[in-house]
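The following note sets out comments on the model for a colleague's consideration. The points proceed from one helix and its surroundings to individual residues and then to the chain as a whole.

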Amino acid sequence: MDWFPLYNTIRIALIATVFTFFIGIFTAYYVAKLPRLLKGVLDCILTLPLVLPPTVIGFFLLKTIGVNGPVGKFLLAFNGTKLTMTWYASILAVIIVTFPPMYRTTRSSFEAFDKNLIYAGKTLGLSNTFIFWRIFIPGCKDGLLAGVVLAFARGLGEYGATSMVSGYTPGRTATISTTVYQMWREGNDELAYKWVFINLAISFVVLVALNLFEKRAETRRR
């Protein structure tokens with residue numbers, strides 16, 4: 001049994017989650033400080049991938065990073081790089097798909113944070129950078145961890161957008177989701193079931209971890 005789809009799926013989800021984490025916390029931090037009207041407009045825009053079909057996201061990505069898209073055409077002419085039909089194209093798709101849950105979870109955690117701790121830090125002469133990384137982020141870590149787990153879980157199961165930008169190439173771009181679909185198309189139900197059960201096992205572990213984070217956060221609030 002070729003284990004590349006498992007390795008590739010975890011690799012894509014992990015790399016995308018790292019990018020989503022930093023993009024999500026900085027976006028949530030600055031959006032949370034905006035006026036209510038502007039915050040509402042940005043919320044709608046930033047969480048749009050949450051309700052869009054993944055294939056629509058994949059379509060827009062193809063029109064952007066494909067060989068005829070503005071980014072893809074520029075990179076192809078600049079250094080001959082082709083983004084589509086590669087495993088790292090899936091990273092871009094997963095970042096877009098996993099950003100909304102990370103952003104929403106993080107922003108809620110930021111807004112629930114006791115701002116008096118920030119004011120106290122400023123009174124003591126602490127820098128904004130120190131307050132952000134040593135007081136603010138640790139104080140919101142339960143929400144951040146929940147967001148990371150959600151983003152990672154979403155990345156593991158992504159199919160629509162990744163299949164459009166990366167396709168299915170054994171040993172190169174195959175993921176668990178695309179492999180299940182390909183095995184079904186080929187009539188290889190036995191192998192498809194194996195990958196389905198592997199995906200179920202990973203998803204179960206991730207959800208258990210999420211529940212533990214939520215219970216710990218609830219215990220601390222009490």
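1. In this predicted model, helix α8 spans residues 128-139, and its buried residues are I131, F132, F136 and I137. Viewed down the axis of α8, these buried residues fall within an arc of 140 degrees, so they line one face of the helix.

2. Against which elements do the buried residues of α8 pack? Their partners are α1 (4-31), α6, α7 (115-123) and α9 (141-157).

3. Helix α6, one of those partners of α8, covers residues 87-112 and also approaches helix α2, residues 36-46. The two axes come within 10 Å of each other and cross at roughly 150 degrees. Since angles over 145 degrees count as roughly antiparallel, α2 and α6 are therefore roughly antiparallel to each other.

4. Which residues make up the contact of α2 with α6? From α2 come K39, D43 and L46, and from α6 come F99, P100, Y103, R104, R107 and E111. By class, this contact has five charged residues and four nonpolar ones, with no polar residue.

5. Helix α1, a further packing partner of the buried residues of α8, contains T17. With a relative accessibility of 9%, T17 counts as buried, because the cut-off for that class is under 20%. Leaving out residues up to four places away in sequence, T17 touches V148, A151 and F152. In addition, the C-alpha atoms of T17 and T98 are 7.6 Å apart in space, while the two residues are separated by 81 residues in sequence.

6. A second threonine of helix α1 is T9. Is T9 buried or exposed? T9 is buried, its relative accessible area being 4%. Apart from residues up to four places away in sequence, T9 touches L156, T175 and I176.

7. T175, in turn, is found in the loop between α10 (160-166) and α11 (176-186). Although T175 belongs to a loop, T175 is buried, with a relative accessible area of 7%. Neighbours within four places in sequence aside, T175 is in contact with P5, N8, T9 and I12. The contact between T9 and T175 thus appears in the lists for both residues.

8. One backbone value merits the reader's attention. M85 has a phi near 60 degrees, a positive value in a residue other than glycine. Where does M85 lie? M85 is located in the loop between α5 (70-79) and α6. The residue M85 is partly exposed, and its relative accessible area is 35%.

9. For the chain as a whole, the secondary structure comprises 12 helices and zero strands. From the N terminus on, the order of elements is accordingly written α-α-α-α-α-α-α-α-α-α-α-α. Along the principal axes, the C-alpha atoms fill a box of roughly 65 × 45 × 30 Å.

10. Burial and surface may be considered together. The protein chain has 222 residues, of which 41% count as buried. The chain exposes about 12,600 Å², and carbon and sulfur atoms supply 66% of that area. How are contacts distributed along the sequence? Of the contacts between residues at least 6 apart in sequence, 73% join residues at least 24 apart.

Notes. Residues numbered from 1 in each chain as written. Predicted model: local features only at pLDDT ≥ 70, side-chain atom pairs only at ≥ 80, totals over all residues. Heavy atoms only, no water. Axes fitted to C-alpha atoms, helices over the stretch in contact; angles between N-to-C directions. Helix = DSSP H or I, 4+ residues; strand = E, 2+ residues; numbered from the N terminus. Parallel < 35°, antiparallel > 145°, perpendicular 65-115°, else oblique. Contact = heavy atoms within 4.5 Å. Nonpolar A, V, L, I, M, F, W, Y, C, P; charged D, E, K, R; others polar. Buried < 20%, exposed > 50% of the residue type's maximum accessible area, 1.4 Å probe, protein only. Areas by Shrake-Rupley, 256 points an atom, 1.4 Å probe, with all protein chains shown as cover. Arc of directions from axis to C-beta.
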